[in-house]
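Student: Could you take me through the cysteines of this protein slowly, and then show me what lies around them?

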Amino acid sequence: MPSKKALIRRPGPRLAEGLLTHLERTPVDVEMALRQWEAYVAALDAHGWETLEVEPADDCPDAVFVEDAVVVFRNVALIARPGAEARRGETPAVEEAVARLGCSVNRIREPGTLDGGDVLKIGDTIYVGRGGRTNAEGVRQLRAVFEPLGARVVAVPVSKVLHLKSAVTALPDGTVIGYEPLVDSASLFPRFLAVPEEAGAHVVLLGGAKLLMAASAPKSTELLAGLGFDPVPVDIGEFEKLEGCVTCLSVRLRELYA
């Protein structure tokens with residue numbers, strides 16, 4: 001049976017100091033962000049996910065974006081080496097969490113850099129965004145860890161957004177969705193569906209036809225509902241000010257061995 005566990009990490013007191021690369025800084029309401037995070041977690045819980053809270057890293061403003069700290073394929077965890085040096089303190093507690101779950105642990109080593117938000121898994125294909133936060137050596141090391149397990153690794157250019165999954169994610173049938181002005185090369189994906197809003201490019205597969213999506217993408221929600229999917233909108237507006245989206249607030253572990 002597939003596992004349905006999700007690692008989460010609550011926002012810390014320095015959240016408003018999070019790094020920005022493509023957006024102008026606007027004020028972040030940390031108390032509102034905590035309420036939004038709690039609603040996000042509640043949505044996972046309500047759809048059968050067991051949420052596991054990683055120890056806080058309050059000195060790291062971006063630690064709530066826990067997906068960036070690790071990539072898991074089957075029962076093997078690859079601990080990231082974030083491209084932003086200020087984020088490297090986020091990984092030790094995440095490593096402890098996946099080790100407790102029985103994962104075999106590998107690490108990206110210097111000079112490699114890799115952010116988990118640059119990794120999109122569709123079946124046995126792993127797309128890796130090669131851009132600002134993930135370098136060629138990081139891609140090479142990921143390939144060395146996961147290809148022996150049967151993965152096919154495809155490097156994808158990323159230049160218009162922070163991470164690959166800031167530009168694209170995938171539907172349950174494997175169709176990649178994205179907001180075309182921010183996608184470097186849609187032709188690299190066998191099936192691609194354009195959505196009308198940037199935030200509409202981000203979905204978390206909850207199970208069946210259910211898609212966790214940002215409330216800030218009503219047109220995309222309507223489009224996907226019309227295709228037979230069942231969107232579950234959540235307000236993550238405070239995290240969107242920090243270039244966050246629904247995918248980066250959790251690590252979904254679907255293939256853990258029993």
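**The cysteines and their surroundings**

Tutor: The count of disulfides in this predicted model comes to zero. A disulfide is a covalent bond between the sulfur atoms of two cysteines. To count here, two cysteine sulfur atoms must lie within 2.5 Å. The cysteine sulfur closest to that of Cys245 is in Cys248, and the distance is 4.2 Å, so the two are too far apart for a bond. Looking from the other side, Cys248 has its closest cysteine sulfur in Cys245, again at 4.2 Å and too far for a bond. As for their setting, Cys245 is buried because its relative accessible area is 6%, and a buried residue is one under 20%. Cys248 is buried as well, with a relative accessible area of 7%.

One residue that touches Cys245 is Ile236. Apart from neighbours within four places in sequence, Ile236 is in contact with Gln36, Tyr40, Ala214, Gly244, Cys245, Val246 and Leu249. Ile236 also belongs to the largest nonpolar core, which has 28 residues. Tyr40, Leu44, Leu212, Ile236 and Phe239 have the most contacts inside that core. At least two residues of this core come from each of strand S1 (5–8), helix H1 (30–46), strand S12 (204–207), strand S13 (210–214) and strand S14 (230–234). Helix H1 gives the most, with six residues. There is also a second, separate core of 16 residues, including Leu7, Ala77, Ile79 and Leu253.

Two members of that second core, Leu7 and Leu253, lead on to Leu101. With neighbours within four places in sequence set aside, Leu101 is in contact with Lys5, Leu7, Leu52, Leu253 and Leu256. Leu101 sits in the loop between helix H2 and strand S5, and it counts as partly exposed because its relative accessibility is 25%. From Leu101 to Met213 is 112 residues in sequence and 27 Å in space, C-alpha to C-alpha.

Helix H2 covers residues 91–100, and its buried residues are Thr91, Ala93, Val94, Glu95, Ala97 and Val98. Among the elements that cover these buried residues are S1, S3, strand S4 (76–79) and strand S5 (104–107). Just after H2, Gly102 has a positive phi of about 90 degrees.

That leaves the empty space. The largest pocket has a volume of about 670 Å³, and 33 residues line it. Lys121, Ile122, Leu205, Arg252 and Arg254 are the lining residues nearest its centre. Strands S3 (70–73), S6 (119–122), S9 (168–170), S12 (204–207) and S15 (251–253) each supply at least two residues of this lining. By class, the lining divides into 18 nonpolar, seven polar and eight charged residues. S12 therefore has a place both in this lining and in the largest nonpolar core, since it supplies at least two residues to each.

The second largest pocket holds about 270 Å³ of space. It is lined by 14 residues, and Leu23, Glu198, His202, Glu240 and Glu243 are the closest to its centre. Six residues of its lining are nonpolar, four are polar and four are charged.

Notes. Residues numbered from 1 in each chain as written. Predicted model: local features only at pLDDT ≥ 70, side-chain atom pairs only at ≥ 80, totals over all residues. Heavy atoms only, no water. 1 Å grid on protein atoms, 1.4 Å probe; cavity = no way out; pocket = protein on both sides within 12 Å on 5 of 7 lines; lining within 4 Å. Points joined across faces, edges and corners; volume = space filled by probe spheres on them. Helix = DSSP H or I, 4+ residues; strand = E, 2+ residues; numbered from the N terminus. Nonpolar A, V, L, I, M, F, W, Y, C, P; charged D, E, K, R; others polar. Buried < 20%, exposed > 50% of the residue type's maximum accessible area, 1.4 Å probe, protein only. Contact = heavy atoms within 4.5 Å. Core = buried A, V, L, I, M, F, W, Y, C linked by side-chain atoms within 4.5 Å.
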